[in-house]
Amino acid sequence: MKVFKSLDEILPLHDAIVTIGNFDGVHLGHKKIFQRLQEFQKKRGGTTVVVTFWPHPKNILQNTAQPLKILTTLEEKIDLIAGVGIDIMVVVPFTKEFSEYTAEDFLKKVLIEKLNPKMIIIGYDHKFGRNREGGFDYLLKNCERYHFHVEEIPRQDIDSCTISSSEVRSALADAKLDKVKDLLGRNYSLEGTVVKGRQLGRTIGYPTANIEPLLEEKIVPRDGVYAVLVEVDGEEKGGMLNVGNNPTIEGKGRSIEVYIFEFDEDIYDQLIKITFIAYLREELKFDGINALKDQLKKDEENSLKILNLTNKI
């Protein structure tokens, strides 16, 4: 898949089959749209093109102290869309200036002049342009003028999946990982750099890697303990992870920590990938370190059982 991260990089295309959207999470509903592009391509030929935006438009348009938490980083989005077999991905830098584009500006300057589409396929109720003034009806009115066809994926086709990015966010907030997997078609993952912590885990036999997420806006599932897979240097290992404030250890503060099974290497400053497999329990305050160690042993046993049952290790 060719990826263009600027409109200036694009050479004018011909016979493009285009869809437009944020596609945060690249969930199964999004994949239905991509499949429709590919179905059209098989019948009529052409080049499949996904137009998306970065950063997320809501984080540019909304003046809030708390940015919208996202499901996929840009690189994750690129990898996932490449994985479904799309030919070209155009990442439009979303800026305040770009947000002032009218529907006509977007149609003419981006879609027509850069992509020269023969077909535009959008999800139901997709809007574009300043004040969301453009949509399926707008494209329909202009298709003869610019010589393209347009198709809207019917609501029932998308709703049959019962999927939206907000629903995935809600499931992560409730640690409903089975539901998350059903919505995404894969387990949720998080990339981060291993940073130095207080190294208290070593003193109780559970040395953990402290994770600093690669992107601050990336969603971290709700606080608690999880069975996870950890990818380090291309190798995947089982582990258990804690998200939260470590209430048993005073002054430790909020952290994301993972204990990797049968692993004892120095991986400070390395990028690792965490894949969330199962939610084990809430974060609890124990009556001392010995009680904490006893619970960690149970968590380890439960994690190994779950990972083995799911053929993950």
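These notebook entries follow my look through one predicted model.

**Ground rules**

I am working from a prediction, in which local features need pLDDT of at least 70 and side-chain atom pairs count only at pLDDT 80 or more, while totals for chains, interfaces and linings use all residues. Residues are numbered from 1 along each chain as its sequence is written, and side-chain values use heavy atoms, with hydrogens and water left out.

**Entry 1: the whole chain**

I began with the secondary structure and found 10 helices and 12 strands. Helices (H or I, at least four residues) and strands (E, at least two) are DSSP runs, numbered from the N terminus. Along the principal axes, the C-alpha atoms fill a box of roughly 75 × 40 × 35 Å.

Next I looked up burial: 47% of the 313 residues are buried. Buried means under 20% relative accessible area, exposed over 50%, and partly exposed in between (1.4 Å probe, protein chains only). The chain exposes about 16000 Å², with carbon and sulfur atoms supplying 46% of that area. The areas come from the Shrake-Rupley method with a 1.4 Å probe, and for residues only the protein chains shown count as cover.

For contacts (heavy atoms within 4.5 Å), I took the pairs at least 6 apart in sequence; 74% of these join residues at least 24 apart.

I also checked charge: there are 43 positive and 49 negative side chains, and the centres of the two sets lie 3 Å apart. Lys and Arg count as positive and Asp and Glu as negative, leaving out His and the chain ends; each charge is placed at NZ of Lys, CZ of Arg, CG of Asp or CD of Glu.

**Entry 2: empty space**

Where is the space in the largest pocket, and which residues lie nearest its centre? I noted Asn22, Asp125, His126, Lys127 and Arg132 as nearest the centre, out of 39 lining residues. The pocket holds about 1300 Å³ of space. Helices α1 (28-44), α2 (57-61), α4 (96-99), α7 (155-159) and α8 (165-173) each give at least two residues to the lining.

For the terms, I use a 1 Å grid over the protein atoms alone: a cavity is a set of points where a 1.4 Å probe fits but cannot get out, and a pocket is an open set with protein on both sides within 12 Å along at least five of seven lines; lining residues have an atom within 4 Å of a point. Points are joined across faces, edges and corners, and a volume is the space filled by probe spheres set on them.

The cavity search over the whole structure gave two of 30 Å³ or more. I followed up the second largest, with a volume of about 40 Å³. Its lining is Asn22, Asp24, Phe53, Trp54, His56, Ile70, Thr72 and Lys77. Asn22 is thus in this lining and also among the residues nearest the centre of the largest pocket.

**Entry 3: around Trp54 and α3**

Trp54 and Pro55 are joined by a cis peptide bond, with omega about -5°. Pro55 sits in the loop between β3 and α2.

Val92, in strand β4 (residues 88-93), is buried at 1% relative accessible area. Beyond four places in sequence, Val92 contacts Leu7, Val51, Thr52, Phe53, Trp54 and Phe98. Val92 and Phe53 are 39 residues apart in sequence, yet 4.7 Å apart between C-alpha atoms.

In helix α3 (residues 74-83), I listed Leu74, Glu76, Lys77, Ile78 and Ile81 as buried. Their cover includes β1 (2-4), α1, β3 (47-54), β4 and β7 (189-195). Gly85 follows α3 and has a positive phi, near 95°.

**Entry 4: two buried polar residues**

Asp299, in helix α10 (residues 289-309), is buried at 2% relative accessible area. Beyond four places in sequence, Asp299 touches Val225, Met240, Leu280 and Arg281.

Asn242 lies in strand β10 (residues 235-244) and is buried at 15%. Its contacts beyond four places are Gly224, Val225, Ser255, Ile256, Glu257 and Glu283. Val225 therefore turns up in the contacts of buried Asp299 and in those of Asn242.

**Entry 5: two loops with positive phi**

Is Asp233 buried or exposed? Asp233 is exposed, at 63% relative accessibility. I found it in the loop between β9 (224-232) and β10, with phi near 50°.

Asp269 lies in the loop between β11 (255-260) and β12 (271-281). Its phi is near 70°, a positive value in a residue other than glycine, and Asp269 is exposed at 66%.
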